[in-house]
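Student: I've got a structure to look at, and I keep tripping over the vocabulary. Can we go through the terms by asking what earns each one?

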Amino acid sequence: MESAVEPLPWYSGKATCGEGLTEAFWQIFDQNRRLKADVTYCDLNGEPWRAEEWEYAYLRSGKYHGEPLDIRHPAFCWGDVGAATAPLLAGMAAYDLFKGYNAKESALVWTASGLQPWRSGCMITR
């Protein structure tokens with residue numbers, strides 16, 4: 001797992017540029033240069049700041065993501081799961097990679113704290 005600090009989190013009152021999430025991604029992709037993220041699991045839950053950070057981080061790291069983009073965010077169905085987000089996403093990614101019905105080889109899992117500047121992620125591979 002890799003983590004980084006977002007220098008301009010949503011509560012700073014300034015526009016974010018997704019620098020913390022991007023840094024976490026670069027750390028992950030530096031360790032996994034051979035792989036692209038076939039699928040991405042994240043905590044997009046309808047809050048605009050999360051989408052904005054993801055947008056910047058994805059644009060900066062797009063070559064490391066599979067095409068077409070396959071993104072999964074359980075908040076769409078379950079709502080915001082709070083502190084359970086990271087283990088839930090990792091569990092879903094691992095299950096889909098090893099027991100699922102698709103032929104994905106790798107999953108990028110990322111989360112962003114709403115009240116702290118931490119942004120974290122990891123790559124799970126088959």
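**What earns each term**

Tutor: Sure. Strand 4 and strand 5 are joined by a hairpin through 5 residues. Keep in mind that this is a predicted model.

Student: How do you know that strand 4 and strand 5 pair, and in which sense, parallel or antiparallel?

Tutor: Pairing takes at least two bridges between the strands. Strand 4 and strand 5 (residues 118-125) have 7 bridges, in the antiparallel sense, so they pass that cut-off. One place to look is serine 106, whose bridge partner in strand 5 is threonine 125.

Student: What makes strand 2 a partner of strand 4?

Tutor: The bridge count again: 4 bridges link strand 2 (residues 39-42) with strand 4, and these two run parallel. For instance, tyrosine 41 has valine 109 of strand 4 as its bridge partner. Strand 2 is also joined to strand 3 by 2 bridges, in parallel; at least two is what pairing needs, so that counts. There, threonine 40 sits opposite isoleucine 71 of strand 3.

Student: Why is the pairing called mixed, and what is the strand order?

Tutor: The 5 strands make an open sheet ordered 1-5-4-2-3 with mixed pairing. You've just met both senses: strand 4 is antiparallel to strand 5 and parallel to strand 2. At the edges are strand 1 (2-5) and strand 3, each with a single partner strand, so each has one side lacking a neighbour in the sheet.

Student: Why is strand 4 called largely enclosed?

Tutor: Buried means under 20% relative accessible area. In strand 4 (residues 106-112), 7 of the 7 residues are buried, so the rest of the structure largely encloses the strand. Ser106, Leu108, Trp110 and Ala112 point one way, Ala107, Val109 and Thr111 the other, and all are buried.

Student: What makes one face of helix 2 the buried one?

Tutor: The buried residues of helix 2 are Trp49, Arg50, Glu53, Trp54, Ala57 and Ser61. Looking down the axis of helix 2, they fall within an arc of 130°, so they line one face. Pro48 and Leu59, on the other side of helix 2, are exposed, and for that label the cut-off is over 50%.

Student: What does the buried face of helix 2 pack against?

Tutor: Its buried residues pack against helix 1 (19-31), strand 2, strand 3 (71-72), strand 4 and strand 5. Helix 2 lies across those four strands, at about 135° to strand 4. Helix 4 (residues 85-99) packs on the sheet too, with its direction at about 170° to that of strand 4.

Note on methods. Residues numbered from 1 in each chain as written. Predicted model: local features only at pLDDT ≥ 70, side-chain atom pairs only at ≥ 80, totals over all residues. Heavy atoms only, no water. Buried < 20%, exposed > 50% of the residue type's maximum accessible area, 1.4 Å probe, protein only. Arc of directions from axis to C-beta. Contact = heavy atoms within 4.5 Å. Axes fitted to C-alpha atoms, helices over the stretch in contact; angles between N-to-C directions.
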